[in-house]
2 protein chains.
Amino acid sequence: MFQAAKPTKVFQEVVAQIEEAILAGRLETGQILPSERELKEMFRISRGTLREALRVLEQKGLIEIRLGVGGGSVVRAVDTGRVTESLGLLIRSQKVSLQHLAEFREGLEGNIAAQAAKRRTAGDICKMRELLEVARSCAAAGRQRREELLETDKQIHLAVAAATQNPIYQSILASIHDNIHRYYERFLSMEDRELRENVEDLCGLIDAIEERDADAAGRLSRRHVHRFNAYMQERARQAEAGTDMHSPSIDQAAGERF
Amino acid sequence: MFQAAKPTKVFQEVVAQIEEAILAGRLETGQILPSERELKEMFRISRGTLREALRVLEQKGLIEIRLGVGGGSVVRAVDTGRVTESLGLLIRSQKVSLQHLAEFREGLEGNIAAQAAKRRTAGDICKMRELLEVARSCAAAGRQRREELLETDKQIHLAVAAATQNPIYQSILASIHDNIHRYYERFLSMEDRELRENVEDLCGLIDAIEERDADAAGRLSRRHVHRFNAYMQERARQAEAGTDMHSPSIDQAAGERF
DNA sequence: ATTGTTATAATGGTCTAACCATTTCTATCC
DNA sequence: GGATAGAAATGGTTAGACCATTATAACAAT
């Protein structure tokens, strides 16, 4: 019913003011705030306190702090970076496993594909086909262009998300992909056959989206992601059994506590 | 191909070290770090720099800084708070509209319900029925217990998410609800009839989940959320037309620029 | 014994005043 | 005209002091 009554700290007040100014549009993206020495005069605070506030704003992704003359606090365009990071922290703090992430992604990409099928423009399809061509040639080249294929694959999924015209789909999907890739990349090494299958999956998906068949698009996308997940989990299981690379290193913890 | 080569700042190094220690489990949740005066000796840095690092860690949600004797930097259990906040920033920076959010929620809750139907335990159902009873009595009481009903409604949705046993569903859903409510709450005033309809929707949903009918659960959940969205949008449209409460206040911007 | 009060000390919060490091711009030199 | 060195602006860091908040202990009052 009640909230904890905690004293408002000075730096928080500063954070709140600048944040409000940015979100209200009084400070536009790219605009450079006054120098720290000027700001501290305006707020009538010390530089240290001001800098704590700026650090918080930087961590929130609202400003970017540049060095040197002509530098300063630059108002940033808010992007998905912070969502990605906080999701990453959740994962790394053992609250979320890769399996959880994969399951979530399956449903998410299904919804995205269905929505994309309803909203896609000719330009969206064009973009997807373009990327698909790149993916095809990569897949044909086999292992050598593996890195590029993975990147292109990701781009295709993001292009589908873009076709939904809903930025939240794009944000969340980008965050999920980022986090999945960061943790899977170690043992990502599909066989050539699987690589090509993967690309053919996508081809069918894009066809469905072009035909505005939301049901089919959703189904195909789910299946595509599901297959990928199953494959990666199998891989991960093998790697785990073979190298035991995730065993906790106990000794490390002994001497290094504060 | 290459990354920008920027100098590593001292406070970042400190952030990295403490973050690593927390995520690796060398610092456990609830544990109190040494005092600032001790830490600054350990890292051989000034207190100001250390405090900048601590502020960043606090903003990341990794520590909580308590005042007074016995206070200090307490290692926190990472939760969804940061995801919620960064999603909120995306929304407020005009990148995401409430409509986008509502659309996303529709698909999300559909997936959640379907998954919950597959995994639900007896305990999950019990919990849901309990909450449903509260909601029913609130709905019967009408406008007086409106606040409580909304809270209970939210709790039910979260209970369904909990039944998926996938924390990422819970995190994202909590973030979405938080953000939707924060921006809708101004004109949330459903009619008694709608309140009751809402509760009956949920009743059917829970039945489907109990019977492990994933398809039906997903469909019902989608429809439930869709109806709510349509209703709220209609409400918002009315409010907009009537009061024009969202018109940009131009004069405000004039004198207050830095 | 319980309750209220006060003193104490530990800790984070803030301030001041320097100096260091990086970057851009400019004047100078060849 | 181009390279080079200097100047200036700006963020990054340091040091030392003092203020504000809070837990604890000691003490007093009921």
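These legends go with close-up views of a predicted model, covering the contact between two protein chains and the surface around one DNA strand.

**View 1. Chain A meets chain B.** The contact draws on 57 residues of chain A and 56 residues of chain B. Put together, the two chains bury about 5300 Å², and 63% of that sits on carbon and sulfur atoms. If you're wondering about the choice of number, the size of an interface is often given as the accessible area lost when the parts come together.

**View 2. Charges and polar pairs across the chain A and chain B interface.** The rule picks out 10 salt bridges between chain A and chain B. One of them to look at is Glu19(A) with Arg92(B), whose closest N and O atoms are 3.9 Å apart. Polar contacts get counted here too: 20 residue pairs, with both partners at pLDDT 80 or more.

**View 3. What chain A brings to chain B.** Six elements of chain A give two or more residues each to the side touching chain B: α1 (10-23), α3 (47-60), α4 (81-92), α5 (98-119), α8 (167-184) and α11 (251-255). Keep an eye on α5(A), as this helix hands over the largest share, nine residues. Sorted by class, the side of chain A that touches chain B comes out at 25 nonpolar, 15 polar and 17 charged residues.

**View 4. The protein surface around DNA strand D.** Here 24 residues surround DNA strand D, and those that come nearest are Arg37(A), Arg47(A), Arg51(A), Val10(B) and Thr49(B). Both chains pitch in: α2 (36-43), α3 and β1 (63-66) of chain A, plus α1 (10-23) and α3 (47-60) of chain B, supply at least two residues each. The top contributor is α3(A), with three residues. As for the mix, the surface near DNA strand D has eight nonpolar, six polar and 10 charged residues.

**View 5. Up close with the phosphates of DNA strand D.** Of the strand D atoms within 4 Å of the protein, 66% are sugar or phosphate, and bases make up the rest. Which part of each residue faces a phosphate oxygen, side chain or backbone? For Arg51(A), an N or O atom of the side chain lies 2.9 Å from a phosphate oxygen of DNA strand D. With Val10(B), a polar backbone atom is 2.5 Å from a phosphate oxygen of the strand. Ser46(B) also uses its backbone, with an N or O atom 3.0 Å from a phosphate oxygen of DNA strand D.

Notes. Residues are numbered from 1 along each chain as its sequence is written. Chains are lettered from A and ligands numbered from 1 in the order in which they are written. This is a predicted model: local features need pLDDT of at least 70, side-chain atom pairs count only at pLDDT 80 or more; totals for chains, interfaces and linings use all residues. Side-chain values use heavy atoms; hydrogens and water are left out. Contact means heavy atoms within 4.5 Å. Buried area is the accessible area (1.4 Å probe) that two parts lose on being put together, summed over both. A salt bridge is a side-chain nitrogen of Lys or Arg within 4 Å of a carboxyl oxygen of Asp or Glu. A polar contact is a pair of N or O atoms within 3.5 Å; within protein, one must be able to donate a hydrogen and the other to accept it, and residues adjacent in sequence count only if both atoms are side-chain atoms. Helices (H or I, at least four residues) and strands (E, at least two) are DSSP runs, numbered from the N terminus. Ala, Val, Leu, Ile, Met, Phe, Trp, Tyr, Cys and Pro count as nonpolar, Asp, Glu, Lys and Arg as charged, and the others, Gly among them, as polar. A residue is near a molecule or strand if one of its heavy atoms lies within 4 Å of it.
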